[in-house]
Amino acid sequence: MEEKFEIFPLGEVGEYDRLYRDLKMLYRIRKGSLPINRDFGIDWGILSNPVNEVQSDFTLEIMEQTEKYVPEVIVSEVRYENGEDGKVIPHIFVKERGKNV
């Protein structure tokens with residue numbers, strides 16, 4: 001897996017542009033690299049786990065960090081696409097908290 005991902009809204013998400021920017025920043029920052037908040041970001045160390053654990057661990061990390069830092073949205077699903085050179089691209093589906101889709 002690489003640091004490339006896609007974010008898709010499920011249904012209408014209010015303030016989607018701002019939320020998209022917030023999610024993009026959260027998912028691109030490596031956990032531990034932001035001096036003012038070492039917990040912010042995604043633990044890319046998960047990618048060194050055994051192959052059969054990577055997707056479930058990464059999905060859980062995405063869901064937990066989104067709930068903590070962008071609570072206006074819920075991650076409904078994360079799907080994985082096989083990209084070039086064996087790289088895997090996460091497709092992250094989000095919906096606005098409190099809305100049914």
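Author: A charge sits over a ring if NZ of Lys or CZ of Arg is within 6 Å of the ring centre and within 35 degrees of the ring normal. This is a predicted model, where local features need pLDDT of at least 70 and side-chain atom pairs 80 or more, while totals for chains, interfaces and linings use all residues. Residues are numbered from 1 along each chain as its sequence is written, and side-chain values use heavy atoms, leaving out hydrogens and water.

Reader: Cool! So what lies over the face of Phe93?

Author: Arg79 does, at 4.4 Å from the ring centre.

Reader: And how many aromatic pairs are there?

Author: There are two, counting Phe, Tyr and Trp (its six-membered ring) with ring centres within 6.5 Å (planes under 30 degrees apart are stacked, over 60 edge-to-face, the rest tilted). In one of them, Phe40 and Tyr69 meet edge-to-face, with 4.9 Å between centres and 75° between planes.

Reader: Where do Phe40 and Tyr69 sit in the chain?

Author: Phe40 is in the loop between α1 (16–28) and α2 (51–69), and Tyr69 is in helix α2, 29 residues apart. Helices here are DSSP runs (H or I, at least four residues), numbered from the N terminus.

Reader: Is Phe40 buried or exposed?

Author: Phe40 is buried, at 13% relative accessibility, whereas Tyr69 is partly exposed at 22%. Buried means under 20% relative accessible area, exposed over 50%, partly exposed in between (1.4 Å probe, protein chains only).

Reader: Nice. Why is the pair of Trp44 and Phe58 tilted?

Author: Because their planes are at 45°, with the ring centres 5.3 Å apart. Trp44 lies in the loop between α1 and α2 and Phe58 in helix α2, so this pair ties together parts 14 residues apart in sequence. Both Trp44 and Phe58 are buried.

Notes
Helices (H or I, at least four residues) and strands (E, at least two) are DSSP runs, numbered from the N terminus.
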